[in-house]
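Below are some notes for a colleague opening this entry for the first time. They are best read with the structure on screen.

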Amino acid sequence: MLGIGGALGLVTATGLSTAAALARHPSMTGAQLRSAAPLPPPFQVPLPIPPVLRPVAPGRYEITQREASAEILPGLRTPLWTYEGTFPGPTIESRRGHPVTVTHRNELSVPTVVHLHGGRTPADSDGYPTDLVLPWSGVDHGHGMHDPRAVVTELTRDYTFPLDQRPTLLWYHDHRMDYTAPAIWRGLAGLHIVRDDAEESLGLPAGPRELPLMIADRAFAADGSLIYPALPDRPGVTEEYLAGVLGDVILVNGAPWPVHEVDAARYRLRLLNASNARHYELEAVTDDGRRLDLVQIGADQGLLAAPVTHATLPVAPAERYDVIVDFAGVPVGGRVRILNRLGAGRTREVMAFRVARRAADDSRIPGVLSADLPVWQRSDAVRVREFAFRAGRMHGHHGWLIGGLPFDPARSDVVTGLGDVEVWRLVADVHHPIHLHLAGFRVLSRSGRPPLPHDVGLKDTVSLRPGESVEIITRFDGYRGRYLFHCHNAEHEDMGMMANLEII
Ligand SMILES: [Cu+2]
């Protein structure tokens, strides 16, 4: 394992080979681009809130995927691939058990695929990586259509989401085979929030005191365009970035190091790490150096049973954390910075809140948040599977492999029965945030020890750290059909680290 990474000369954020990096347990796997554009000072640009998409009819939405440009860095225009002209795309607000159909029309120059991350979705609407929505311009049909069995090619596509699932923050993004990472990087990502009456009756901070925060790093050329180290002639990135692409600008809801004015009250921050490869360890720090508690109330797949208080919170790519921060103890005019302890220089900073006024606060954090979390026991499992997530060779090039194999849509990897409970043991060489489609899971152990405090609740993405072995338990219920599991380091995903999960 060490030999493979070293021989390939994989580079990590610290500039070490994979082998050396493994020995030293670096905080991140990836290499950082350097922006040439002038970057704004931190905490000056206001935090945008993505627009909420209006239905065209009850339960029906339309999204056009098209090129647009946005002023991300002050005074410069950044060309983007967008959902409906904005980055992040518009937010869809749904109710549990109320199905939603989204018609996507592709006016980009490449095929696309839409996946609702965390959705309990029938397979034909889950965005299998070869189920393409072809561009209206008809250009570039050739890429990604490796599986004649699976290809469904359309110019528009209706994705139907039953949303028969626990309320939570989901996100939709591109999932085209071999080309997901550059498509997300260029802007194809948006939020989808599922709500229900039970959650709304809890008295959690709401309205303007509930903030979705999509955190993503990017890098910018001198003219404001995004930099991405794509290869010219095949999928993947240049050698230096094989471990993952990191930007040197931290965006929240598409704005660089933004600032948001708040009341001196509790806020519900619905965090998503939409970065391709960057990990964060977030903390909230006042101007006088005091750390505010991050009270976690939810995980990827909805509310916890009870709140868990963190001083700092690790967030891997694609993970979501639902967190309450109380600004009541901060003086008016004071500032709370959200910092990333894994960053260096300007990537240490994420965003800031400025406390603008004292205000009444009738919100609360109940001691019991939910009572419907699955309680699978190890003894419920009908089988145990083990998967190694490691660097290797793929079609003569560097690849990222699961069980020694790169993704092949025509191969059967995992076949399981609807309703089966399984334990999966996931083993990593470097950092791999592993995501299962359809099925939420719980973390049972990390390298034989109990899970970490932030592993609590029902998850759909778990962060494997270098050399770690993580056990998860899940029940494959919902729908039969062909799904996926994969690494959510988007570069790893494009370079093979994905496998089929078939539920029969
Ligand atoms: Cu990975």
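1. Start with the sheet. In this predicted model, five strands form an open sheet with mixed pairing, in the order β26-β33-β32-β28-β30. The edge positions belong to β26 (414-416) and β30 (461-464); each has a single partner strand, so one side of each is left without a neighbour in the sheet. From one strand to the next, the twist averages 20°.

2. One pairing is worth following by eye. β28 and β30 run antiparallel and are joined by four bridges. P433 has S463 in β30 as its bridge partner. As background, strands of a sheet pair through backbone hydrogen bonds, either parallel or antiparallel.

3. Next, the metal site. Which protein residues are donors of the copper ion? They are H432 (ND1), C487 (SG) and H492 (ND1), and they lie 2.0 Å from the ion. Their spacing in sequence is H-x54-C-x4-H. H432 belongs to strand β28 (residues 432-436) and H492 to helix α5 (residues 490-494), so this pair ties together parts that are 60 residues apart in sequence. Water is not among the atoms, so the site may look incomplete.

4. Are the two histidines buried or exposed? H432 has 0% relative accessibility and counts as buried, because the cut-off for buried is under 20%. H492 is likewise buried, with a relative accessible area of 0%.

5. Then the nonpolar interior. The largest nonpolar core has 82 residues, and within this core W424 and F485 touch the most other members. Leaving aside residues up to four places away in sequence, W424 touches R385, F387, V414, L436, V470, E471, I472, F476, F485 and L501. Another core lies apart from the largest one; this second core has 21 residues, among them L116, L163, Y172 and V194.

6. Last, confidence. The chain has a mean pLDDT of 92, and 91% of its residues reach 70 or more. Two stretches need a caution. Over residues 1-25, pLDDT stays under 50, and the model has 42 contacts beyond four places in sequence for this stretch. Over residues 138-151, pLDDT also stays under 50, with 30 contacts beyond four places in sequence. Where pLDDT is low, the predicted coordinates should not be read in detail.

Notes:
Residues are numbered from 1 along each chain as its sequence is written. This is a predicted model: local features need pLDDT of at least 70, side-chain atom pairs count only at pLDDT 80 or more; totals for chains, interfaces and linings use all residues. Side-chain values use heavy atoms; hydrogens and water are left out. Donors are N, O and S atoms within 2.8 Å of the metal (3.2 Å for Na, K and Ca); water is not among the atoms, so sites may look incomplete. Helices (H or I, at least four residues) and strands (E, at least two) are DSSP runs, numbered from the N terminus. Buried means under 20% relative accessible area, exposed over 50%, partly exposed in between (1.4 Å probe, protein chains only). A nonpolar core is a set of buried Ala, Val, Leu, Ile, Met, Phe, Trp, Tyr and Cys residues joined through side-chain atoms within 4.5 Å. Contact means heavy atoms within 4.5 Å. Two strands pair if DSSP finds at least two bridges between them. Axes are lines fitted to C-alpha atoms, for helices over the stretch in contact, and angles run from 0 to 180 degrees between N-to-C directions. pLDDT is the predictor's confidence in each residue, from 0 to 100.
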